[in-house]
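Welcome to a short tour of a protein chain. Open your viewer, keep the selection box handy, and follow the stops in order.

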Amino acid sequence: MMRKLWGIIVAFIGVSIVVMAEHEDRHFWQASMKDEIWKTITSRRNCAKAKNVVVFIGDGMGIPVITAARILKGQKAGKTGEETFLNFERFPYTGLMRV
C-alpha cells in the first residue's frame, strides 16, 4: 500500500514539474507583461462625469486569498494558474485597504 501511494506522489510531482517548466521561461513572462503594459497604455479611459459608483467590498480577500483563487481558476482551466487573472483584476481602478 505504501509503495503504491509513494508511486502516485512521485508521479504527481513529476507532472507538476513538467507543467510548470513550460512557464518558467523568462521570455514567456516578459512577453506576457509587455502585452499587459501595452494594453494598459493604449486603452481609452472614460473621462466623463460618473452618474453612479459601484463599490465591491471583498471582506477577507487579502493578497494570499486572491492569489490562491487565481491559481485555482487557472488550474481548473488546465493551466498552471499564475498566468490567469480574476475578473475584478481587470477593472481599470482597484485598491487595497487595511484597517
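Before the first stop, one definition will help: a residue is called buried when its relative accessible area is under 20%, exposed when that value is over 50%, and partly exposed in between. Keep in mind as well that this is a predicted model.

**Stop 1: the whole chain**

Show the chain as a cartoon and colour it by secondary structure. You should find three helices and zero strands. Starting at the N terminus, the order of elements reads α-α-α. Now switch on the surface. The accessible surface comes to about 9400 Å², and 64% of that belongs to carbon and sulfur atoms. Of the 99 residues in the chain, buried ones make up 10%. Contacts are worth a thought too: among those between residues at least 6 apart in sequence, 42% join residues at least 24 apart.

**Stop 2: Ile66**

Select Ile66, which sits in helix α3. Is Ile66 buried or exposed? Its relative accessibility is 11%, so Ile66 counts as buried, because the cut-off for that word is under 20%. Which residues is Ile66 in contact with, once its neighbours within four places in sequence are left aside? They are Met61, Leu86, Phe88 and Glu89. Try the distance tool as well: from C-alpha to C-alpha, Ile66 and Phe85 are 9.8 Å apart in space, while in sequence they are 19 residues apart.

**Stop 3: a salt bridge at Arg70**

Stay in the same helix and select Arg70 together with Glu89, one of the contacts of Ile66. The side chains of Arg70 and Glu89 meet in a salt bridge, with 2.5 Å from N to O. Arg70 belongs to helix α3 and Glu89 to the segment after α3, so this pair ties together parts that are 19 residues apart in sequence. Arg70 is buried, at a relative accessible area of 18%, whereas Glu89 is partly exposed at 26%.

Why do such pairs form? Side chains of opposite charge can pair when their charged atoms come close.

**Stop 4: a network around Glu36**

How many salt bridges are there in the count? The count comes to three, and the next ones to look at involve Glu36. Select Glu36 and Lys39: their side chains meet in a salt bridge of 4.0 Å, N to O. Both residues lie in helix α2, three residues apart, which is about one turn of the helix. Glu36 counts as buried, with 19% relative accessibility.

Now add Arg90 to the selection. Arg90 also forms a salt bridge with Glu36, and here the closest N and O atoms are 3.1 Å apart. This pair links distant parts of the chain, with Arg90 in the segment after α3 and Glu36 in helix α2, 54 residues apart. Arg90 is partly exposed, at 48% relative accessibility. Through shared partners, salt bridges join Glu36, Lys39 and Arg90 into one network.

**Stop 5: aromatic rings**

Next, look for rings. The structure holds two aromatic pairs. In one of them, Phe28 and Trp29 meet edge-to-face, with 4.9 Å from centre to centre and 80° between the planes. Phe28 is partly exposed at 29% relative accessible area, and Trp29 is partly exposed at 28%.

Phe56 and Phe91 also form a pair, this one tilted: the centres are 5.6 Å apart and the planes are at 35°. Phe56 is in the loop between α2 and α3 and Phe91 in the segment after α3, so the pair ties together parts that are 35 residues apart in sequence. Phe56 is exposed, at 63% relative accessible area, while Phe91 is partly exposed at 38%.

**Stop 6: Thr80**

Move to Thr80, in the segment after α3. Thr80 counts as buried, at 8% relative accessibility. Show its side chain and look for two partners: a polar contact reaches the side chain of Glu82 at 3.1 Å, and another reaches the side chain of Glu83 at 2.6 Å.

**Last stop: Asp59**

Finish at Asp59, in the loop between α2 (26-42) and α3 (63-76). Is Asp59 buried or exposed? Asp59 is exposed, with a relative accessible area of 77%. The UniProt record, an unreviewed entry, carries the annotation "binding site" for Asp59.

Methods: Residues numbered from 1 in each chain as written. Predicted model: local features only at pLDDT ≥ 70, side-chain atom pairs only at ≥ 80, totals over all residues. Heavy atoms only, no water. UniProt positions renumbered as here; feature names shortened; annotations may be inferred. Helix = DSSP H or I, 4+ residues; strand = E, 2+ residues; numbered from the N terminus. Buried < 20%, exposed > 50% of the residue type's maximum accessible area, 1.4 Å probe, protein only. Contact = heavy atoms within 4.5 Å. Areas by Shrake-Rupley, 256 points an atom, 1.4 Å probe, with all protein chains shown as cover. Phe/Tyr/Trp six-rings, centres within 6.5 Å; stacked < 30°, edge-to-face > 60°. Polar contact = N/O pair within 3.5 Å; in protein donor to acceptor, adjacent residues only side chain to side chain.
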